[in-house]
Every structure is written in C-alpha cells, then in structure tokens.
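Please have the sequence and the three-dimensional view open while reading. The text moves from the strands to the side chains that surround them.

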Amino acid sequence: MKIVNILSVLKIVLFSSIIMSFVGCEKKSAEKNSSVSNVGLNENRPVVIGMPNPIRESTAQDILNTLGVRFAVPDDAKNVQYSVISDLLAQMDFIWNEAECTARAEPSDETSLKDISGFYYNWKNSADVKVGYNEAKANWTKDENGNSLGICIWWDAVPGIMYSVSMKSNANAENLKKLANAVYVQMQD
C-alpha cells in the first residue's frame with residue numbers, strides 16, 4: 001500500500017514540475033518578446049532582427065565602377081538582373097537557352113581555381129575547357145529531379161578576377177563552355 005501511495009505522489013510531483021516549467025518558460029518568452037517590441041519605440045533607429053541581406057541590386061555600370069568587372073550579355077538572354085554580394089562579388093542572373101543561369105565574378109589574388117558559383121554538388125562529370133585564353137573547369141551532374149546542372153570556373157590572371165557561370169538545366173561541357181565564353185569580357189588589352 002505504501003508503494004502505491006509513493007508512486008502516486010511521485011506522479012503528482014512530476015506532473016506539477018512539468019506544468020510549472022511550461023508556465024515559467026511562457027512568462028520568460030512573453031517578457032523577452034515585449035522587450036524586443038519596445039526597443040524601436042524608445043529610439044530613433046530601426047530595429048533589425050536577424051542578419052542583413054548581403055545581396056543588393058545593382059547595375060552593369062555600378063559593378064564596373066566599384067569592382068572593375070564587366071559581363072557580356074549572351075545573345076537571346078532574357079530577364080537579366082545584376083546584383084552585388086557582400087560588396088565583393090558581382091552577379092548577373094538571366095535565362096539562356098531555357099535554363100536559369102548565373103554569372104559571377106570576384107576580384108581575387110588567388111592563383112588557383114576557387115569555386116565562387118554557390119553550387120555545392122558532388123560533380124559526376126568534369127572537363128577542362130577554354131574560356132577566352134584562360135584554362136577553365138566545367139563540372140556537371142544530375143540533381144534529384146533529373147535536371148542536368150553545372151558550373152564552369154576560371155581565373156583571369158592579368159586583372160586578377162575569378163569567374164564562374166552556372167546552369168540549372170541543360171548543363172554539359174559544351175553548353176557550359178558556350179555560356180562562359182558568352183559572358184566573359186577580356187579586361188586587359
């Protein structure tokens with residue numbers, strides 16, 4: 001009989017402890033939320049919650065003026081948009097040959113290829129290609145939906161600019177090479 005009573009008392013104590021911890025958490029959460037919402041009322045600056053977006057819209061001319069990078073717009077490209085990421089990396093997004101494409105360029109002192117594409121896949125295929133007079137690497141694979149996506153990366157040593165192009169469909173060595181050569185602008189004489 002004493003064992004049954006002890007178990008009953010333990011269950012009640014455990015249940016009460018759980019309820020009290022929920023009530024305590026809810027009160028702290030409410031206090032925390034009210035202090036966050038009052039921050040902007042007492043100050044003249046905006047409240048920023050989270051990380052600021054490192055991507056800002058830009059123009060081809062702004063990219064050339066600030067980063068010294070120029071992209072050519074491929075024939076038949078549609079919906080061309082420019083942006084800069086963290087004030088260091090130029091980006092041009094567009095549709096080309098029915099594929100979503102991105103060209104990126106970053107002034108760099110790197111002497112070897114650095115992947116600035118933002119695509120992180122286990123590449124199943126790879127080929128050495130030429131972009132202008134530069135040695136380049138084309139990589140492509142199929143994604144989980146069966147789309148052939150890929151990147152081509154190269155470094156132009158004279159101006160010191162790292163480049164990449166990416167395709168979200170129709171990627172193979174030939175298409176990646178064509179895309180890279182279509183956006184590449186030789187920056188030296």
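The following paragraphs treat strand pairing, backbone turns, nonpolar cores, aromatic rings and salt bridges in turn.

The model shown here is a predicted one. A convenient place to begin is strand β3, which comprises residues 89-96. Six of its eight residues are buried, and β3 is therefore largely enclosed by the rest of the structure. A residue is called buried when its relative accessible area is under 20%.

Strand β3 has a partner in β2, which spans residues 78-85. The two strands run in the antiparallel sense, and six bridges join them. Within this pairing, Lys 78 has Ile 95 of β3 as its bridge partner. β2 and β3 make up a hairpin in which three residues lie between the strands. Ser 86, in the turn of that hairpin, has a positive phi of about 55°.

Strand β3 also pairs with β4, residues 99-107, again in the antiparallel sense. Here the pairing extends over seven bridges. One point of reference is Met 92, which stands opposite Ala 103 in β4. In a regular strand, the side chains alternate between the two faces of the sheet.

The hairpin of β3 and β4 has two residues between its strands. Asn 97 lies in the loop between β3 and β4, and Glu 98 is located there as well. Asn 97 is not a glycine, yet its phi is positive, at about 50°. Glu 98, likewise not a glycine, has a positive phi of about 65°. How accessible are these loop residues? Asn 97 has a relative accessibility of 44% and so counts as partly exposed. Glu 98, at 75% relative accessibility, counts as exposed, since the term exposed applies over 50%.

The nonpolar interior can be considered next. In soluble globular proteins, nonpolar side chains tend to be buried together. The largest nonpolar core of this model has 32 residues, and Cys 152 and Trp 154 touch the most other members of it. Another core, of five residues, lies apart from the largest one; among its members are Ile 85, Leu 89, Trp 155 and Met 162. Leu 89 is also where strand β3, residues 89-96, begins, and Ile 85 is where β2, residues 78-85, ends.

Aromatic side chains offer a further view of the packing. A pair of aromatic rings is described by the distance of the centres and the angle of the planes. The structure holds five aromatic pairs. In one of them, the ring centres of Phe 119 and Tyr 121 are 6.0 Å apart and the planes stand at 55°, so the pair is classed as tilted. Phe 119 is buried, with a relative accessible area of 12%, whereas Tyr 121 has a relative accessibility of 38% and counts as partly exposed. The pair of Trp 154 and Tyr 163 is stacked, with 5.1 Å from centre to centre and 5° between the planes. Both Trp 154 and Tyr 163 are buried. Phe 119 and Tyr 121 also belong, together with Trp 123, to one aromatic cluster.

Charged side chains complete the picture. Side chains of opposite charge can pair when their charged atoms come close. How many salt bridges does a search of the whole structure find? The search finds six. In one, Arg 56 and Asp 62 have their closest N and O atoms 3.2 Å apart. Arg 56 is partly exposed at a relative accessible area of 34%, and Asp 62 is partly exposed at 25%. Arg 56 and Asp 62 are also linked with Asp 87 in a network of salt bridges.

A further salt bridge joins Glu 106 to Lys 114, with 3.1 Å between the closest N and O atoms. Glu 106 has a relative accessible area of 14% and is therefore buried, while Lys 114, at 31%, is partly exposed. Lys 137 and Asp 128 meet through their side chains in another salt bridge, at 2.8 Å from N to O. In this pair, Lys 137 counts as partly exposed at 27% relative accessibility, and Asp 128 counts as exposed at 60%.

Technical notes: Residues numbered from 1 in each chain as written. Predicted model: local features only at pLDDT ≥ 70, side-chain atom pairs only at ≥ 80, totals over all residues. Heavy atoms only, no water. Buried < 20%, exposed > 50% of the residue type's maximum accessible area, 1.4 Å probe, protein only. Helix = DSSP H or I, 4+ residues; strand = E, 2+ residues; numbered from the N terminus. Pairing = 2+ DSSP bridges. Phe/Tyr/Trp six-rings, centres within 6.5 Å; stacked < 30°, edge-to-face > 60°. Core = buried A, V, L, I, M, F, W, Y, C linked by side-chain atoms within 4.5 Å. Salt bridge = Lys/Arg side-chain N within 4 Å of Asp/Glu carboxyl O.
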